[in-house]
Amino acid sequence: MLDQQKVFAARLERIAAHTGNTNATLHIGGADQLPQAALKRAVLGKTRPRVKASSTLASPLALVSGALAWVWAQWSLPVLLQSTDFWMSLVAAVAVMLLLRLVLGLKGPLMLAAQVIGLALAIVGLHNAVHLWPEPFAALFTPDWVQQVLASTQPMTLSLGAITL
């Protein structure tokens, strides 16, 4: 027993002096009962928490990406396809929204819900921006589209615009 204590004390001195072979990992009792992640934390110390997709920047990014998908659809379909059909714009916006979801790494149902909310807010509120700044929108979008929005909606309201079902 006394011999084991001397060997142990010598080993502790080598570890404290950083000499000898100290690459071995010392497990004292119950290490096989710990989960691997808990064992890693116990050996390496606490790790920083991972940044989750629901971080403070991801939610506004998801809202903006949904809104940008609608703005892109409203710009591209009249310019590229000469179509102002609401349902075609909605399908194009959802496709772009899902593409942005993949590119930006937005994961989980909460981020999808934030994107859908951003898309919905852009659908019901884009006409307010058109009423405020018709000339810049006429330069970016088609003048016919701007005139249609101005004729079919009231300023400073929430509206689905000229949707025909």
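**Reading a predicted helical chain**

Trainee: Among contacts between residues at least 6 apart in sequence, what percentage joins residues at least 24 apart?

Mentor: This is a predicted model, where local features need pLDDT (the predictor's confidence in each residue, from 0 to 100) of at least 70, side-chain atom pairs count only at pLDDT 80 or more, and totals for chains, interfaces and linings use all residues. Residues are numbered from 1 along each chain as its sequence is written, and side-chain values use heavy atoms, with hydrogens and water left out. A contact means heavy atoms within 4.5 Å. Among contacts between residues at least 6 apart in sequence, the share joining residues at least 24 apart is 56%.

Trainee: In which helix is confidence lowest?

Mentor: The chain averages a pLDDT of 78, and 72% of the residues score at least 70. Where pLDDT is low, the predicted coordinates should not be read in detail. Confidence is highest in α4, at a mean of 90, and lowest, at 64, in helix α2 (residues 36-44).

Trainee: How many helices are there in the chain?

Mentor: Helices (H or I, at least four residues) and strands (E, at least two) are DSSP runs, numbered from the N terminus. The chain has zero strands. Its count of helices is seven.

Trainee: At roughly what angle do the axes of α4 and α5 cross?

Mentor: Axes are lines fitted to C-alpha atoms, for helices over the stretch in contact, and angles run from 0 to 180 degrees between N-to-C directions. The axes of α4 (residues 86-104) and α5 (residues 109-132) come within 11 Å. They cross at roughly 145°.

Trainee: Which helix gives the largest share of the largest nonpolar core?

Mentor: A nonpolar core is a set of buried Ala, Val, Leu, Ile, Met, Phe, Trp, Tyr and Cys residues joined through side-chain atoms within 4.5 Å. The largest has 20 residues, and those with the most contacts inside it include Trp-70, Ala-93 and Leu-119. At least two residues each come from α3 (58-81), α4, α5 and α7 (143-152). The largest share, six residues, comes from α5.

Trainee: Why does Ala-138 count as partly exposed?

Mentor: Buried means under 20% relative accessible area, exposed over 50%, and partly exposed in between (1.4 Å probe, protein chains only). Ala-138 is found in helix α6 (residues 134-140), and, leaving aside neighbours within four places in sequence, Ala-138 is in contact with Pro-143 and Val-146. Ala-138 counts as partly exposed because its relative accessibility is 24%.
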